[in-house]
Amino acid sequence: MVTINPYINFNGNAEEAFNFYKSVFGGEFGKITRFKDIASAEFPVSENEANKIMRIALPIGKNVLIANDVPESMGRVNENENRSKIAIIAESKEEADKLFNGLSAGGTVEMPMAESPWGTYFAMFRDKYGIEWTVEFGTKQ
């Protein structure tokens, strides 16, 4: 079966964001690749970009959250205009509350954790890094 894994672009703070996500979800990172790890004559990397993240991955359940820092030479990512969300389906109300409370800390809540009109326990928010999330528990997804 196909799985869908979110891939997020950051403006130089991917590692900070992923350490935060790891503190909420737990788990361990897969291999972390930095731009200096792929530097070559064909792909020169400036000193200020060397330690930025080329690829980082955090397994979450059966899926993987993946990200990178966009090199400055490619321009800034408009993090407040992502307009796509990462949807989490929790296995219990308690887990939904834990994930919502952890991920929304320092962010902006659009819809607090509550019973939704479609019959699930649901919340929608933007975390402190500008990434949009939904957390949901219930059988009517």
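This tour goes through the structure one selection at a time, from the whole chain to single residues.

**The whole chain**

Begin with everything displayed, and keep in mind that this is a predicted model. With the cartoon switched on, you can count 2 helices and 8 strands in the protein, and if you follow the chain from the N terminus, these elements come in the order β-α-β-β-β-β-α-β-β-β. The C-alpha atoms fill a box of roughly 55 × 30 × 25 Å along the principal axes. If you colour by burial, the buried residues make up 40% of the 141 residues, and if you turn on the surface, its accessible area comes to about 8,300 Å², with 52% of that belonging to carbon and sulfur atoms. Colouring by charge brings out 15 positive and 20 negative side chains, and the centres of these two sets lie 2 Å apart. Among the contacts with a separation of 6 or more, 53% are between residues 24 or more positions apart.

**The sheet of S1 to S4**

Next, select the strands S1, S2, S3 and S4, which form an open sheet in the order S1-S4-S3-S2 with mixed pairing. Strand S1 (7-10) and strand S2 (33-34) are the edge strands here, each of them pairing on one side only. Now add helix H1, residues 14-25, which packs on this sheet and touches S1, S2, S3 and strand S4 (63-69), while its direction makes about 10° with that of S3. To look at one pairing in detail, zoom in on S2 and strand S3 (residues 53-60), which are joined in the antiparallel sense over 2 bridges; here arginine 34 stands opposite isoleucine 53 in S3.

**The sheet of S5 to S8**

Move on to the other four strands, which form an open sheet in the order S5-S8-S7-S6, again described as mixed in its pairing. Strand S5 (85-89) and strand S6 (108-115) stand at the edges with a single partner strand each, so one side of each is left without a neighbour in the sheet. If you look across the sheet, neighbouring strands are turned by 10° against each other on average, ignoring direction. Add helix H2, residues 93-104, and you will find that H2 packs on the sheet, where H2 touches S5, S6, strand S7 (121-126) and S8, and that the direction of H2 makes about 170° with that of S6.

Stay with S5 for a moment and show its side chains: Ile86 and Ile88 belong to the covered face, whereas Lys85, Ala87 and Ile89 belong to the uncovered one. S5 pairs with strand S8 (residues 132-137) in the parallel sense over 5 bridges. Two of the residues to label along this pairing are lysine 85, whose bridge partner in S8 is glutamate 132, and isoleucine 88, whose bridge partner in S8 is valine 135.

**Alanine 90**

Step past the end of S5 and select alanine 90, which has its place in the loop between S5 and H2. Is alanine 90 buried or exposed? Its relative accessible area is 7%, and because buried means under 20%, alanine 90 counts as buried. Leaving aside neighbours within four places in sequence, alanine 90 is in contact with Glu95, Ala96, Glu136 and Phe137. You can also draw a distance from alanine 90 to glycine 138: although the two are 48 residues apart along the chain, their C-alpha atoms are separated by 8.2 Å.

**The S6–S7 hairpin and proline 112**

Now go to S6 and S7, which run antiparallel and are joined by 5 bridges. Within this pairing, methionine 111 stands opposite methionine 124 in S7. The hairpin of these two strands has 5 residues between them, and glycine 119 takes a positive phi near 95° there.

The last selection is proline 112, which lies in strand S6. Its relative accessible area is 54%, and since exposed means over 50%, proline 112 counts as exposed. Not counting residues up to four places away in sequence, proline 112 touches Phe100, Phe122 and Ala123. To end, draw a distance from proline 112 to valine 70, a residue 42 positions away along the chain, and the C-alpha atoms of the two turn out to be separated by 31 Å.

Key
Residues numbered from 1 in each chain as written. Predicted model: local features only at pLDDT ≥ 70, side-chain atom pairs only at ≥ 80, totals over all residues. Heavy atoms only, no water. Buried < 20%, exposed > 50% of the residue type's maximum accessible area, 1.4 Å probe, protein only. Contact = heavy atoms within 4.5 Å. Areas by Shrake-Rupley, 256 points an atom, 1.4 Å probe, with all protein chains shown as cover. Lys, Arg positive; Asp, Glu negative; His and termini not counted. Charge placed at Lys NZ, Arg CZ, Asp CG, Glu CD. Pairing = 2+ DSSP bridges. Axes fitted to C-alpha atoms, helices over the stretch in contact; angles between N-to-C directions.
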